Amino acid sequence: MDLSRPGRRAFSLPRLDVPPVELPGELARRTPPVLPEVAEREIVSHYTRLSQRNYGVDTGVYPLGSCSMKYNPKVAEVAAALPGFRRLHPLQPDHTVQGALELLWRLERALCEITGMERATLQPPAGACGELTGLLLMRAHHTRQGNPRRRVAIPDSAHGTNPASVRLAGYEALHIPSDARGLVDVSALEKLLDQDVAGLMLTNPNTLGLFEEEIEKIAAAVHGVGGLVYYDGANLNAILGRCRPGDMGFDIVHINTHKTFATPHGGGGPGAGPVAVTKELARYLPRPLVERNEDGTFRLEAGGPDSIGRMHGFFGNFGILVRAYVYVLLHGRDGLKEVAERSVLNANYLAELIKGAFPLAMPGRPMHEFVATAKPLKDDTGIRALDVAKRMIDLGYHPSTVYFPLIVEEAMMVEPTETETKETLDGLGRAFLQAAEEARRDPELLHAAPVTTPVRRLDEARAARQLKLRW
Ligand SMILES: *Cc1c(COP(=O)(O)O)cnc(C)c1O
């Protein structure tokens, strides 16, 4: 708006070569919309400048724990933009979209193989929607058994979407404490379980980055009271090709393809949260599912009376599913296994580099992410995890997640991901250590950080409470 000058345009329309027609009065606006009038050159500079003020996965490492903000291969973008995919209309008859249906069918098979499940819906457009879908499947299962239940158990380390989804699905959350190792307190769980518990939602490795060592016992305890076990597989990076939720005893799994299987995310961009289930639960899945005919062609199959119905229009976010399929093919079985190994190796390497200043919050060996704590630093210097995070921006790195999970004081949750080199991890480790060293030498600097950015430290509480929704 600042740059706007009347009459300036970023385009030129072809000369009118048909008779002009007045718009019907009821469709025409009385006053034209106020739009900026700028030249193309200025638009390009404006948006390029804005984009350069931001930090993104294409700019550098983005170690946000619990979110797998990793670099994704650009070839997945190229595939999703192929005209044969991009220009399809979702209402085209099946026989004209056989390639797209085959891709969906093959992706479903791949995700079922990876998770150890029987069938999957690709409709949910996000992890949180996958959670809701999974919980509605749980509800359908218990209702069908003539045994509706009221509560769903969640560990206190759970991602915030878990309790929110539980409420949205009409259940009450039953909170399960963690033990001193940061794992599910199994004896507490066993005491809290009863015939009113529909199931347990679990993240494994959990949000502390720790693998639930007693996972089979946990699953058996929940099954013992007739409940189902739900796997929050938003971040599958650590277990790809190494172990499968189905083999651990889970009944329902959601996957964030936009975290594990390509597609950059953040800022509410499109994602896909497929939900995979056991054979027993497949009848409840949203429909349509893609089926393969005897002659090798593909068709969409509507649901029977047990389906919970649709979770999204048409097929979900098709373009995101194309990226996920490309990612799976690109890596293959061995490559996906290597993704898991590297994500775990990278997290452990970085944790070792910084543990002198930021010790691990829990004693166990972390998987693809780790939770360190700035508590010792705070006790010594008054500098908090938040100040360290802000200083990391000055030092050229996106900060880690801070203050999550809630059960750790001054939590710093770091996930370097599998895509970073040793040099990048070394640089990131040095930046963490430098921030800790500066905290002792020049605490004012950390209180003031970031000092190099176009926007300095924000009042985050006010920014969250007093929204400015218009510029
Ligand atoms: C990101 C995440 C979710 C939610 O996924 P969205 O796609 O953001 O809705 C759920 N659980 C865990 C553990 C996550 O990391």
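**Exercise 1. The ligand and its surroundings**

A polar side-chain atom of His258 lies 2.7 Å from an oxygen atom of the ligand, a polar contact in the sense of a pair of N or O atoms within 3.5 Å (within protein, one must be able to donate a hydrogen and the other to accept it, and residues adjacent in sequence count only if both atoms are side-chain atoms). Before we go on, note that this is a predicted model, where local features need pLDDT of at least 70, side-chain atom pairs count only at pLDDT 80 or more, and totals for chains, interfaces and linings use all residues. Residues are numbered from 1 along each chain as its sequence is written, and side-chain values use heavy atoms, with hydrogens and water left out.

Task: Find which other atoms lie close to ligand atoms, and describe the shell around the ligand.

Solution:
- Step 1. Start with Asp232: one of its polar side-chain atoms is 2.6 Å from a nitrogen atom of the ligand.
- Step 2. Turn to Gly127, where a backbone N or O atom lies 2.8 Å from an oxygen atom of the ligand.
- Step 3. Look at the cover: the ligand taken alone exposes 380 Å², and the protein buries 87% of that (areas by the Shrake-Rupley method with a 1.4 Å probe; for residues, only the protein chains shown count as cover).
- Step 4. Count the shell: 13 residues surround the ligand, and Ser66, Gly127, Asp232, His258 and Lys259 are the closest (near means that a heavy atom of the residue lies within 4 Å).
- Step 5. Sort the shell: three residues are nonpolar, seven polar and three charged (Ala, Val, Leu, Ile, Met, Phe, Trp, Tyr, Cys and Pro count as nonpolar, Asp, Glu, Lys and Arg as charged, and the others, Gly among them, as polar).
- Step 6. Ask where the shell comes from: α5 (127-144) gives the largest share, three residues (helices are DSSP runs of H or I with at least four residues, strands are runs of E with at least two, numbered from the N terminus).

**Exercise 2. A residue with a positive phi**

Task: Where does Ser66 sit, and what is its phi?

Solution:
- Step 1. Ser66 belongs to the loop between α1 and α2 (74-80).
- Step 2. Its phi is near 65°, a positive value in a residue other than glycine.
- Step 3. Compare with the usual case: most residues other than glycine have a negative phi, and most peptide bonds are trans.

**Exercise 3. A small sheet**

Task: In what order do the three strands of the open sheet stand?

Solution:
- Step 1. The order is β10-β12-β11, with antiparallel pairing (two strands pair if DSSP finds at least two bridges between them).
- Step 2. β10 (370-373) and β11 (401-402) are at the edges with a single partner strand each, so one side of each has no neighbour in the sheet.
- Step 3. β11 pairs with β12 (residues 411-414) over two bridges, and Val402 stands opposite Met412 in β12.
- Step 4. The loop between β11 and β12 holds Pro405, which a cis peptide bond joins to Phe404, with omega about -5°.

**Exercise 4. Empty space**

Task: How many cavities of 30 Å³ or more does a search of the whole structure find, and what lines the largest one?

Solution:
- Step 1. The search finds four cavities (on a 1 Å grid over the protein atoms alone, a cavity is a set of points where a 1.4 Å probe fits but cannot get out, a pocket is an open set with protein on both sides within 12 Å along at least five of seven lines, and lining residues have an atom within 4 Å of a point).
- Step 2. The largest cavity holds about 120 Å³ of space (grid points are joined across faces, edges and corners, and a volume is the space filled by probe spheres set on the points).
- Step 3. Its lining includes Leu104, Pro288 and Phe314.
- Step 4. Pro288 lies in the loop between β7 (275-277) and β8, and a cis peptide bond joins Arg287 and Pro288.
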